[in-house]
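User: Hi, I'd like to talk through this structure with you. Please start with a term I'll need along the way.

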Amino acid sequence: MHEMSLAEGVLQLIEDSAKTQNFSRVKTVWLEIGQLAGVEVEAMKFCFDAVVNDSIAEGAQLVIIETPGQAWCLHCAEVVNVQALYDACPKCGSHQVQVTGGNEMRVKELDVE
Amino acid sequence: MCNVCGCGAGETTIDGKAVEHEHSHGGHFHVHADGTAHDHDHAHDHEHSHEHMQAQHMHYHLHEDGSSHDHVHDHLHGHDHQHEHPHTHTHSTAHYGLGPAGAHAPGMSQSRMVKIEQDILSKNDGYANDNRAWLAAHGIFALNLVSSPGSGKTTLLVKSITALNGSLPLAVIEGDQQTDNDAARIRATGAPALQINTGKGCHLDAFMVGKAIQQLGLHDDSLLLIENVGNLVCPASFDLGEAHKVAILSVTEGEDKPLKYPDMFRAADVMLLNKCDLLPYLTFDADLAVANARRVNPDIQVIRISATSGEGMDEWLDWIRAGCKKAVARKTIDGR
């Protein structure tokens, strides 16, 4: 369900930039979605296709760039890779980790006409 | 002579007959030196919604017989004009204006890249920042209460409001898909409450809350309690401008809920472990639930509470009062 709101957010950003950048059709949309952003990529693609119907992005291809989850481990004092928000540090097993990357959800760029 | 296509009146014949030169410049009528004539329609449907860099674009026609003509469209036109050339003649035509933009510039592709680099939630975050700034300027301490449906949020709110017993000015925003049952329960305590029905929506967003704040007419230096839609997934992503998210987990749920819905427990600063009066009758391991919450969010503050027995209510209300004091103090400092 919340992928639907996010897809609407993507379309809003596209429509806003269509006004400022003067374009009338969007062919490709690049999204950057972090592994820890809580976004289901397949659901996002499904919702995007539904939301852009009858818009300037109708039929646009959606390319999702997934970025890895990263966290700062207090014990190891270094950045480690994590798969999920509640993962322990893969090196020392501590849960004293602070997520530093992989929670982004952003529209990176568009291919437009 | 026609000043659009340059063909001369009176020189034109088709099968030896003079052509009545009726130019209705929706269509272009051309007669060439070899005596052939052709007619092609430019169904220009100019919706001039925006301007284009090229003020002119040129249609260049080259015919097999070697004759050529070009005609200049001197206008600012939009991308969205329909540029159909149903040529009814048999000459082969080299046409450079058939691209989607209806124009051609050497070396320039019709499509281009636009850098956006904006967060998908930036619109919501913008409204949330406005809410946060407004609340801060008025010394209002706002909490966003999130949980699954049935965790006892509304009962806890009712009991908290009753316990505060008017010592603190407060207001409540209730979020549900349908009905204003919850707002009615709050209003029964005497506190002002506004119900937001999200319809198909699964969460409150900052825009809705901003509108509700305007309508409620909040007191300065007061407490604002926002009860979000019962949902442990979506409300985690939507900042409303609150000071803290408070997650409520009841002991009739599973100890592993923080692991199942990590986004929410990570976004929250406080977890209320509710319905603790039922612990003797359940196999629920409260320590494990707290440990799971800390796995997701090492800094989360936990208060064990029961709206029914009153256990933990003092700690919870003290925490609220401390937050309200801080909000008032910050307003005074920032206001200077």
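Analyst: Happy to! When I say helix, I mean a DSSP run of H or I with at least four residues, and helices are numbered from the N terminus. Please also keep in mind that this is a predicted model.

User: Got it. What happens just after α1(A)?

Analyst: A:Asn22 comes just after α1(A), and its phi is positive, at about 55°. As background, most residues other than glycine have a negative phi.

User: And how many residues does helix α1 of chain A have?

Analyst: Helix α1 of chain A has 20 residues, 2–21. From its first C-alpha to its last it reaches 28 Å, close to the 28 Å expected at 1.5 Å a residue.

User: Which residues of α1(A) are buried?

Analyst: Among them are A:Leu6, A:Val10, A:Leu13 and A:Ile14. A:His2, A:Glu3 and A:Ser5 are also buried residues of α1(A). In general, residues three or four places apart in an α-helix point the same way, because there are 3.6 residues a turn.

User: What do those buried residues of α1(A) pack against?

Analyst: Elements of both chains. In chain A, the buried residues of α1(A) pack against β1 (26–34), α2 (41–51) and β6. From chain B, the partners are β7 and α1 (122–137).

User: Nice, that brings me to the two chains. How many residues of each are in contact?

Analyst: 28 residues of chain A are in contact with 31 residues of chain B. On the chain B side, β7 (112–119), α6 (262–267) and α7 (286–296) each supply at least two residues. The largest share, eight residues, comes from β7(B).

User: How does that side of chain B divide into nonpolar, polar and charged?

Analyst: There are 14 nonpolar residues, ten charged and seven polar on the side of chain B that touches chain A.

User: Back to β7(B): which strand of chain A does it pair with?

Analyst: It's β6 of chain A, residues 105–112, and the two strands run antiparallel over six bridges. One spot to look at is A:Val112, which stands opposite B:Arg112 in β7(B).

User: New topic, the sheets. What is the strand order in the three-strand sheet of chain A?

Analyst: The order is β4-β3-β5, in an open sheet with antiparallel pairing. β4 (78–82) and β5 (97–101) of chain A are the edge strands, each pairing on one side only. On average, neighbouring strands of this sheet are turned by 40° against each other, direction ignored. Strand β3 of chain A, residues 69–73, shares four antiparallel bridges with β5(A), and there A:Trp72 stands opposite A:Gln98.

User: And the seven-strand sheet in chain B: what order does it have?

Analyst: That open sheet reads β10-β9-β11-β8-β12-β13-β14, with parallel pairing. Its edge strands are β10 (193–197) and β14 (301–304) of chain B. From one strand to the next, the twist averages 20°. Helix α4(B) packs on this sheet, touching β9, β10 and β11 of chain B, and its direction makes about 150° with that of β10(B).

User: Is β8 of chain B enclosed or open, and why?

Analyst: Strand β8 of chain B is largely enclosed by the rest of the structure, because seven of its seven residues are buried. Both faces are covered: B:Phe141, B:Leu143, B:Leu145 and B:Ser147 lie on one side, with B:Ala142, B:Asn144 and B:Val146 on the other. For context, side chains in a regular strand alternate between the two faces of the sheet.

User: Which strands does β8(B) pair with?

Analyst: It pairs with β11(B), in the parallel sense over five bridges, and with β12 of chain B, also parallel over five bridges. B:Phe141 stands opposite B:Leu223 in β11(B). Over in β12(B), B:Leu145 has B:Val246 as its bridge partner, and B:Leu143 stands opposite B:His244.

User: Last one: which residues in chain B have a positive phi although they are not glycine?

Analyst: Two to look at are B:Thr179, with a phi of about 70°, and B:Asp221, with about 55°. B:Thr179 lies in the loop between β9 and α3 of chain B, while B:Asp221 is in the loop between α4 and β11.

User: Are those two buried or exposed?

Analyst: B:Thr179 has 11 other C-beta atoms within 10 Å, so it is exposed. B:Asp221 has 17, so it is partly exposed.

Key: Residues numbered from 1 in each chain as written. Chains lettered and ligands numbered in written order. Predicted model: local features only at pLDDT ≥ 70, side-chain atom pairs only at ≥ 80, totals over all residues. Contact = placed C-beta atoms within 7 Å. Nonpolar A, V, L, I, M, F, W, Y, C, P; charged D, E, K, R; others polar. Pairing = 2+ DSSP bridges. Buried ≥ 20, exposed ≤ 12 C-beta atoms within 10 Å, placed from the backbone. Expected span 1.5 Å × (residues − 1). Axes fitted to C-alpha atoms, helices over the stretch in contact; angles between N-to-C directions.
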